Amino acid sequence: IFYESTAEPGTVYANYVLPYIFCSDGAEGLRIRWWYSGFQWINTYEVVVIVDGIRREISYNERFTRDSNWSGYYWEYIDLVASKNDFDILNMMANGKNVEVAFVGTRGSYEFTLSNVYKREIRKVLDAFDMTNSINEF
């Protein structure tokens, strides 16, 4: 990881979305991590983001990874290279006043409001990514 948010929870007991910049073999890129945790599997297949009343649905071809601590707590996540659509949604989220996120699965859903801390951290990573791309153009 080349640059990541200081808000990265460092625990499985959190619900969030955060981008980060990776560097591999001299190539840089933006990745996005969606993370659900709770007291049941929801078998996530889609993420719904509502920013100031504008709804965006995101379906990924890859499956969310699932795990548990065997004492009744579960988490599901996906970590992948951000597409143009992901980048646009992240920008909306960083600039939005009211940002709702829902993990939608075959066994239910989980919704949460993205805090201002996470919105600021998304903005910091996107700005850093823009800056590294500007530097690389020279």
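# Rings, loops and overall build

Q: In this predicted model, is Phe 39 buried or exposed?
A: The relative accessible area of Phe 39 is 67%. The cut-off for the upper class is over 50%, so with its 67% Phe 39 counts as exposed.

Q: Is Tyr 73, the ring partner of Phe 39, buried or exposed?
A: For Tyr 73 the relative accessible area comes to 13%. A residue falls in the lowest class when this value is under 20%, and therefore Tyr 73, at 13%, counts as buried.

Q: How many aromatic pairs does the protein have, and which kind of pair do Phe 39 and Tyr 73 form?
A: The count for the protein comes to 10 aromatic pairs. In the pair of Phe 39 and Tyr 73, the rings lie 5.0 Å apart from centre to centre, with 90° between their planes. Since planes over 60 degrees apart fall into one named class, the pair of Phe 39 and Tyr 73 is edge-to-face.

Q: How many residues apart in sequence are the parts that the pair of Phe 39 and Tyr 73 ties together?
A: Phe 39 sits in the loop that joins strand 3 (27-38) to strand 4 (44-51), whereas Tyr 73 belongs to the loop between strand 6 (65-68) and strand 7 (74-81). Because the two rings lie in these two loops, their pairing ties together parts of the chain whose separation in residues is 34.

Q: Which residue of strand 7 is in contact with Phe 39 and also with Trp 41?
A: Beyond its neighbours within four places in sequence, this residue has contacts that include Tyr 36, Ser 37, Gly 38 and Gln 40, as well as Asp 67 and Ser 68. With a relative accessibility of 22%, the residue counts as partly exposed. Its C-alpha atom also lies 8.5 Å from that of Val 12, although 62 residues separate the two in sequence. The residue is Tyr 74.

Q: Which residue in the loop between strand 3 and strand 4 has a positive phi without being a glycine?
A: Most residues other than glycine have a negative phi. The residue in this loop instead has a phi near 55°, and its relative accessible area of 22% makes it partly exposed. The name asked for is Asn 43.

Q: What is the phi of Asp 52?
A: Asp 52 is placed in the loop between strand 4 and strand 5 (54-59), where it is partly exposed, with a relative accessible area of 44%. Although Asp 52 is not a glycine, its phi is positive, at about 50°.

Q: How many helices and strands does the protein have?
A: Followed from the N terminus, the elements run β-β-β-β-β-β-β-α-β-β-α. The secondary structure of the protein therefore comes to 2 helices and 9 strands.

Q: What is the radius of gyration of the protein?
A: A compact globule of 138 residues would have a radius of gyration near 14 Å, and the value for the protein agrees with this. Along the principal axes, the C-alpha atoms fill a box of roughly 50 × 35 × 25 Å, while the radius of gyration is 15 Å.

Q: What share of the contacts with a separation of 6 or more comes from residues 24 or more positions apart?
A: Among the 138 residues of the protein, 46% count as buried. For the contacts in the protein with a separation of 6 or more, the share that belongs to residues 24 or more positions apart is 61%.

Terms used: Residues are numbered from 1 along each chain as its sequence is written. This is a predicted model: local features need pLDDT of at least 70, side-chain atom pairs count only at pLDDT 80 or more; totals for chains, interfaces and linings use all residues. Side-chain values use heavy atoms; hydrogens and water are left out. Helices (H or I, at least four residues) and strands (E, at least two) are DSSP runs, numbered from the N terminus. The radius of gyration is taken over C-alpha atoms; the globule rule is 2.2 Å times the number of residues to the power 0.38. Buried means under 20% relative accessible area, exposed over 50%, partly exposed in between (1.4 Å probe, protein chains only). Contact means heavy atoms within 4.5 Å. Rings of Phe, Tyr and Trp (its six-membered ring) pair if their centres lie within 6.5 Å; planes under 30 degrees apart count as stacked, over 60 as edge-to-face and the rest as tilted.
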